[in-house]
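Got the viewer open? Grab the mouse, and we'll go through the model one selection at a time.

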Amino acid sequence: MSDVNDKFRGLLEGAPDAMIICRRDGTIVLVNAQAEKLFGYQREELLGKAVDVLVPQRLRPQHAAHRTAYVEDPHPRPMGAGLELFARHKNGTEFPVEISLSPLETEEGTLVTSAIRDTTERRQFETMLREKNEQLERVGLAKDSFLASMSHELRTPLNAVIGFTGTLLMKLPGPLNAEQEQQLRTIQSSARHLLSLINDMLDLAKIESGKVELTFEPIESQTIAREVADSLQSLANEKGLALTLDLPSSDIMVLADRRALSQVLLNLVNNAIKYTNKGFVHVELRGVDSIVEFSVADSGIGIRVEDLNKLFEAFSQVDHSTTRRFEGAGLGLYLSQRLATLLGGRIDVESDYGKGSRFSLRLPRA
Ligand code: ADP
């Protein structure tokens, strides 16, 4: 076997992996330095021995069968695809390995080359990653269910607060003096605000956990736009804003989930009213090729160019000096964009700081 040794030794010594060359019957004819190191043997101890010494005792019968099968059909391939392979160190310990086999034609017949790599570290790493992933998943699930159940628990008493404040303000139980009425209005608006935050949190939890159920159907866009404008008309009136609609006369059908679409539009129009002190909020509907575009333009405070891309992040309120004047959690646009994506569309924004903004929701036409 000295021929083989001479020919291939130099080649094998340079290989990064432990390499062992055997005859068809499993006799070792060549090992490189990496193999000596990996298995803890001196080269001389291995040459001429059966390769089985490097296989754990318990796996030797299978190994023999596999070796016979391989020499009958030798071609380059990984050993034991899909199986966990183990090798045996001289000191008796086992370690996981990955082995590639390839036939080597020589004058002395076909030999089998094995390149062996210790995968202990990789496996430890994989196990660690898997555990970390499972842990993260558990934390995520716990967070979602915590949020969902807390939101429900919080809404119940809040509905009572809002309901009874309303009854008091309607003076059903009896008359109120001006001071009492003023304070009750504060309670009412704070409670409503809190309720909308809780609703946002609940929506967020649902979206994040993939639990939003959408029913896609063709919807007449005009109807939705009108419904949204109607429900916010009084809010705009209270601020002295003109809330106007520009709708094409022929029906434009959009393919969407009714509730999600309303929610996104309500949020855009509500924001436009919230961030506009005088002038208008204008809702326009257009059908462009296969797209339906709802745009909400306002003559409000506008958004700085550098803040435009932050808008759709969770808990983002771009201008902190406005935060106190316009209360909100900064979740609305984040949720709206997530919903728009789930509906197969997206929201874009253009703005002229100090002059106004335009948010456009584009969705597929039915
Ligand atoms: P918020 O609850 O604070 O309104 P949103 O996610 O709906 O949260 O909006 C994020 C931020 O984007 C707002 O805090 C505001 O600074 C800005 N913004 C949204 N809509 C408008 C608008 N029409 N005009 C000016 N700024 C807006």
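Which side chain does Asp52 meet in a salt bridge? Select Asp52 and Arg67: their side chains come together there, at 3.5 Å from N to O. Bear in mind throughout that this is a predicted model.

**Stop one: the Asp52 pair**

Colour the loop between helix H3 (43-46) and helix H4 (60-72), where Asp52 lies, then colour helix H4, which holds Arg67; the pair therefore ties together parts that are 15 residues apart in sequence. Turn on the surface and check each partner. Asp52 has a relative accessible area of 18% and is buried, while Arg67, with 22%, is partly exposed. The cut-off for buried is under 20%, so these two partners fall on opposite sides of it. As background, side chains of opposite charge can pair when their charged atoms come close. The structure holds 16 salt bridges, and a few others are coming up.

**Stop two: a network of charges**

Now select Arg286, Glu293, Arg346, Asp348 and Arg362, which are linked in a network of salt bridges. Zoom in on Arg362 and look for two of its partners. One is Glu293, with the closest N and O atoms 3.0 Å apart. Glu293 lies in strand E11 (residues 291-298) and Arg362 in strand E13 (residues 356-364), so this bridge ties together parts that are 69 residues apart in sequence.

The other is Asp348, whose side chain meets that of Arg362 at 2.6 Å, N to O. Asp348 is in strand E12 (residues 346-352), so here the parts tied together are 14 residues apart in sequence.

Are these residues buried or partly exposed? Glu293 counts as buried at 8% relative accessibility. Arg362 counts as partly exposed at 28%, and so does Asp348, with a relative accessible area of 24%.

**Stop three: helix H10**

Next, select helix H10 (332-342). This helix is mostly covered, with 8 of its 11 residues buried. Show the side chains of the buried ones: Gly332, Leu333, Tyr334, Leu335, Ser336, Gln337, Leu339 and Ala340. What do they pack against? Colour H6, H8, E12 and E13, and you have the answer. Step just past the end of H10 to find Gly344, which takes a positive phi of about 85 degrees.

**Stop four: along helix H6**

From H10, move over to helix H6, residues 178-208. Try the distance tool on its end C-alpha atoms: they are 45 Å apart. That agrees with the span of 45 Å to be expected for 31 residues at 1.5 Å a residue.

Start at the front of the helix, where a side-chain oxygen of Asn177 reaches to within 3.2 Å of the backbone nitrogen of Glu179. Then walk along and pick out the buried residues, including Leu184, Gln188, Ala191, Leu195 and Ile198. Further on, the buried set takes in Asp200, Leu202, Asp203, Leu204, Ala205 and Ile207. A pattern to keep in mind while turning the view: an α-helix has 3.6 residues a turn, so residues three or four places apart point the same way.

What covers the buried residues of H6? Among the elements to display are helix H5 (120-169), helix H8 (258-274) and helix H10. After H6 comes Gly210, with a positive phi near 70 degrees.

**Stop five: Asp144 on helix H5**

Follow the packing onto helix H5 and select Asp144. At 9% relative accessibility, Asp144 counts as buried. Leaving aside residues up to four places away in sequence, Asp144 touches Ala205, Glu208 and Ser209. Now draw a line from its C-alpha to that of Thr165: the two are 21 residues apart in sequence and 31 Å apart in space.

**Stop six: the rings**

How many aromatic pairs does a search of the whole structure find? It finds 1. Select Phe39 and Phe95: their ring centres are 5.8 Å apart and their planes are at 50 degrees, so the pair is tilted. Phe39 is in helix H2 (residues 33-39) and Phe95 in strand E5 (residues 94-106), so the pair ties together parts that are 56 residues apart in sequence. Both Phe39 and Phe95 are buried.

Finish at Phe86. Arg58 lies over the face of its ring, at 5.5 Å from the ring centre. Show Arg123 as well, which lies over the face of Phe86 at 6.0 Å from the ring centre.

Technical notes
Residues are numbered from 1 along each chain as its sequence is written. This is a predicted model: local features need pLDDT of at least 70, side-chain atom pairs count only at pLDDT 80 or more; totals for chains, interfaces and linings use all residues. Side-chain values use heavy atoms; hydrogens and water are left out. Helices (H or I, at least four residues) and strands (E, at least two) are DSSP runs, numbered from the N terminus. The expected span of a helix is 1.5 Å times one less than its number of residues. Buried means under 20% relative accessible area, exposed over 50%, partly exposed in between (1.4 Å probe, protein chains only). Contact means heavy atoms within 4.5 Å. A polar contact is a pair of N or O atoms within 3.5 Å; within protein, one must be able to donate a hydrogen and the other to accept it, and residues adjacent in sequence count only if both atoms are side-chain atoms. A salt bridge is a side-chain nitrogen of Lys or Arg within 4 Å of a carboxyl oxygen of Asp or Glu. Rings of Phe, Tyr and Trp (its six-membered ring) pair if their centres lie within 6.5 Å; planes under 30 degrees apart count as stacked, over 60 as edge-to-face and the rest as tilted. A charge sits over a ring if NZ of Lys or CZ of Arg is within 6 Å of the ring centre and within 35 degrees of the ring normal.
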